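Please open the model in a viewer and keep the selection tool at hand. The stops below are given in the order in which they may be selected.

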Amino acid sequence: NKKAFIFDLDGVIVDTAKFHFIAWQRLAASLGINFTHEENEQLKGVSRVNSLKKILEWGNKTITAEVFQEKMDQKNEEYLDLIKTLDTSDIMPGVHNFLLELKDKNQPIALGSASKNARPILEKLGIKNLFDVIVDGTNVTKAKPDPEVFLSACSQLGYHAHDSIVFEDSVAGVQAANTAGMISIGLGEKDILHEADEVFNHFTDMPEDYINTLLNKNK
Ligand code: G16
Ligand code: MG
């Protein structure tokens with residue numbers, strides 16, 4: 001009895017949202033745009049390009065293609081600087097144990113992230129070797145809510161979408177999983193992630209033996 005377990009990165013495995021927020025806020029300020037926490041919520045799971053497009057839209061600002069590229073690079077440099085000190089202690093509560101339990105049960109594990117920085121981040125966290133397949137922002141052309149990232153992950157693992165389970169913290173990511181026909185488990189607030197099949201605040205809030213429950217669950 002096996003399923004493909006697919007994990008989002010930012011907001012599920014590690015709380016990088018706060019660093020994305022700081023980096024985007026500085027970037028927005030450099031363009032004379034005020035960027036709020038609420039707006040940052042809407043950028044969760046959204047690719048770098050689409051995030052900048054949205055910020056410009058909210059700020060009613062247009063820039064040339066050249067400046068757009070510069071600003072993207074600037075944001076990423078800032079972000080990389082902020083995450084320099086990430087280590088094992090930054091793995092979100094319960095995640096490490098959950099991954100080890102899956103390994104113990106011989107279940108296939110994949111990463112499905114929009115981030116182009118996913119691989120170096122997993123290395124910093126010391127858990128890259130736990131993933132059988134990694135699909136990130138450098139491997140896909142269509143961003144969440146498009147299901148491409150998750151479909152690619154499950155097919156690389158050799159599983160059908162309906163035998164796959166996605167762990168997501170973003171609305172766009174939950175929608176991507178649902179569109180793919182996968183079981184969607186939301187990590188975060190129930191009222192925001194109401195489209196998910198089930199929602200928990202953290203992995204530590206999952207009931208005893210939840211992996212077995214999932215293995216017997218159908219979409
Ligand atoms: C993450 C974050 C997004 C971020 C995106 C791109 O996706 O949730 O906020 O904009 O990656 O990241 P980068 O600029 O590092 O390429 P996910 O899918 O891991 O939640
Ligand atoms: Mg996320």
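Select phenylalanine 7 together with strand 2: the bridge partner of phenylalanine 7 in that strand is leucine 111. Strands here are DSSP runs (E, at least two residues) and helices are DSSP runs (H or I, at least four residues), both numbered from the N terminus. Add isoleucine 6, whose bridge partner in strand 2 is alanine 110. These belong to the pairing of strand 1 with strand 2 (residues 109-112), which is parallel and extends over three bridges; two strands count as paired if DSSP finds at least two bridges between them.

The model is a predicted one, in which local features need pLDDT of at least 70, side-chain atom pairs count only at pLDDT 80 or more, and totals for chains, interfaces and linings use all residues. Residues are numbered from 1 along each chain as its sequence is written, while chains are lettered from A and ligands numbered from 1 in the order in which they are written.

**The sheet**

Stay with alanine 110 and look to its other partner: valine 133 in strand 3 stands opposite alanine 110. Strand 2 and strand 3 run parallel and are joined by three bridges. Now display the whole sheet, which is open and consists of six strands in the order 3-2-1-4-5-6, with parallel pairing. Its edges are strand 3 (133-135) and strand 6 (198-200), each of which pairs on one side only. On average, neighbouring strands of this sheet are turned by 20 degrees against each other, direction ignored; the axes behind this angle are lines fitted to C-alpha atoms (for helices over the stretch in contact), and angles run from 0 to 180 degrees between N-to-C directions.

Return to strand 2 and colour its two faces. In a regular strand the side chains alternate between the two faces of the sheet. Ile109 and Leu111 on one side of strand 2, and Ala110 and Gly112 on the other, are all buried, and both faces are thus covered. A residue is called buried if 20 or more other C-beta atoms lie within 10 Å of its own, exposed if 12 or fewer do, and partly exposed in between, with C-beta atoms placed from the backbone.

**The annotated aspartates**

Which residues does UniProt mark as "active site"? The unreviewed entry places this feature at Asp8 and Asp10; UniProt positions are given in the numbering used here, feature names are shortened, and annotations may be inferred rather than shown by experiment.

Select aspartate 8 in the loop between strand 1 (4-7) and helix 1 (17-30). Aspartate 8 is buried because 28 other C-beta atoms lie within 10 Å. Leaving aside residues up to four places away in sequence, aspartate 8 touches Gly45, Gly112, Ser113, Phe167, Glu168, Asp169 and Gly173; contact requires C-beta atoms, placed from the backbone, within 7 Å of each other.

Move to aspartate 10, in the loop between strand 1 and helix 1. With 22 other C-beta atoms within 10 Å, aspartate 10 is buried. Its contacts, not counting residues up to four places away in sequence, are Thr16, Ala17, Ser113 and Ser115.

**The ligand**

Which residues are the closest to ligand 1? They are Asp10, Ser113, Ala114, Ser115 and Lys116, out of 20 residues that surround ligand 1; a residue counts as near if its C-beta atom, placed from the backbone, lies within 6 Å. The shell around ligand 1 divides into four nonpolar, eleven polar and five charged residues. Ala, Val, Leu, Ile, Met, Phe, Trp, Tyr, Cys and Pro count as nonpolar, Asp, Glu, Lys and Arg as charged, and the others, Gly among them, as polar.

**Backbone geometry**

Most residues other than glycine have a negative phi, and most peptide bonds are trans. Select asparagine 106, where phi is positive, near 60 degrees. Asparagine 106 lies in the loop between helix 5 and strand 2 and is exposed, with 7 other C-beta atoms within 10 Å. Next take aspartate 209, which has a positive phi of about 65 degrees and is found in the loop between strand 6 and helix 9 (210-215). Aspartate 209 is exposed, with 10 other C-beta atoms within 10 Å.

Finish at the peptide bond from lysine 144 to proline 145, which is cis, with omega near 15 degrees. Proline 145 is placed in the loop between strand 3 and helix 7 (148-157).

How values were computed
Two residues are in contact if their C-beta atoms, placed from the backbone, lie within 7 Å.
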